[in-house]
Amino acid sequence: MRSLDRWFEQSSRSLAQQTSRRSVLAGLGRLLTGAALLPLLPIDRSSRAEAAAESSPGKAAADNPESCEYWKYCAIDGFLCSCCGGSSHSCPPGTAPSPITWIGTCRNPADGRDYIVSYNDCCGKASCGNCECNRNEREKPMYRLSRNNDVNWCMANAESNYHCSVSVILGVSEQ
Ligand code: ABN
């Protein structure tokens with residue numbers, strides 16, 4: 001027990017000899033300043049921003065080609081080719097785009113401009129059946145039965161089976 005006491009005494013004395021009161025206070029000051037500045041350091045919050053985008057479904061859907069709310073689909077009627085092995089603007093392998101189409105004008109929320117969009121059907125395979133989407137934004141009253149988007153545009157193709165629909169930007173609308 002004595003030797004333990006002696007060891008503690010010696011180490012306390014040597015510590016006291018090596019450190020001044022001023023250096024202890026300076027170290028304490030540095031510690032407190034560091035703790036106060038820690039919340040001000042730059043922190044990568046991008047993962048939090050992504051989570052916020054996902055939790056605001058309206059915004060995320062307007063950017064997602066597999067969602068019916070995607071901005072280019074404002075006048076589409078059919079199965080989205082982006083859910084059928086193609087993309088928002090290209091037909092899946094084994095199908096061919098219809099030469100006759102339905103045309104719409106959609107506003108891109110990213111730049112606030114109106115784009116002229118062609119909705120081509122992809123033909124030559126049985127109906128895809130995924131991601132059915134029917135939007136008719138700013139549609140004018142129908143004056144002829146054939147004048148709406150609920151038409152199989154594959155009718156002019158050699159293989160008239162309807163598979164899915166794409167949306168192809170033709171140009172930007174000038175005001
Ligand atoms: N334009 C898509 C489509 C195809 C078949 C029937 C109705 C609509």
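Arg107 stands opposite Asp114 in strand S4, and in this predicted model that pairing belongs to a ladder in which strand S3, residues 102-108, and S4 run antiparallel over seven bridges. Between S3 and S4 lie four residues that complete a hairpin, and within this turn Gly112 adopts a positive phi of about 70 degrees.

From the hairpin one can follow S4 itself, which spans residues 113-123 and is mostly covered, with nine of its eleven residues buried. Strand S6, residues 162-172, is joined to S4 by nine bridges in the antiparallel sense, and strand S2, residues 96-97, is also antiparallel to S4, through two bridges. Cys122 of S4 takes part in both of these contacts: Pro97 stands opposite Cys122, while in S6 the bridge partner of Cys122 is Cys164.

The strands are also the setting for part of the disulfide pattern, whose count comes to seven. One of these disulfides is formed by Cys74 and Cys106, with their sulfur atoms 2.1 Å apart. The pair links distant parts of the chain, since Cys74 sits in the loop between helix H4 (57-62) and strand S1 (77-79), whereas Cys106 belongs to strand S3, 32 residues apart. The torsion about the S-S bond of Cys74 and Cys106 is about -85 degrees, and the disulfide is therefore left-handed. Cys74 has a relative accessible area of 3% and is buried; Cys106, with a value of 0%, is buried as well.

A further disulfide involves S4 directly, for Cys123 and Cys154 are bonded with their sulfur atoms 2.1 Å apart. Because Cys123 lies in strand S4 and Cys154 in the loop between S5 and S6, this pair ties together parts that are 31 residues apart in sequence. Both Cys123 and Cys154 are buried, and the torsion about their S-S bond is about -85 degrees, so that this disulfide is left-handed.

Cys83 and Cys131 form another disulfide, again with sulfur atoms 2.1 Å apart, and this one connects two loops. Cys83 is in the loop between S1 and S2, and Cys131 is in the loop between S4 and strand S5 (132-134), 48 residues apart. The torsion about the S-S bond of Cys83 and Cys131 is about -90 degrees, which means that the disulfide is left-handed. The two cysteines fall on opposite sides of the cut-off for burial, which is under 20% relative accessible area: Cys83 is buried because its value is 17%, whereas Cys131, at 31%, is partly exposed.

Definitions and conventions
Residues are numbered from 1 along each chain as its sequence is written. This is a predicted model: local features need pLDDT of at least 70, side-chain atom pairs count only at pLDDT 80 or more; totals for chains, interfaces and linings use all residues. Side-chain values use heavy atoms; hydrogens and water are left out. Buried means under 20% relative accessible area, exposed over 50%, partly exposed in between (1.4 Å probe, protein chains only). Two strands pair if DSSP finds at least two bridges between them. A disulfide is a pair of cysteine sulfur atoms within 2.5 Å.
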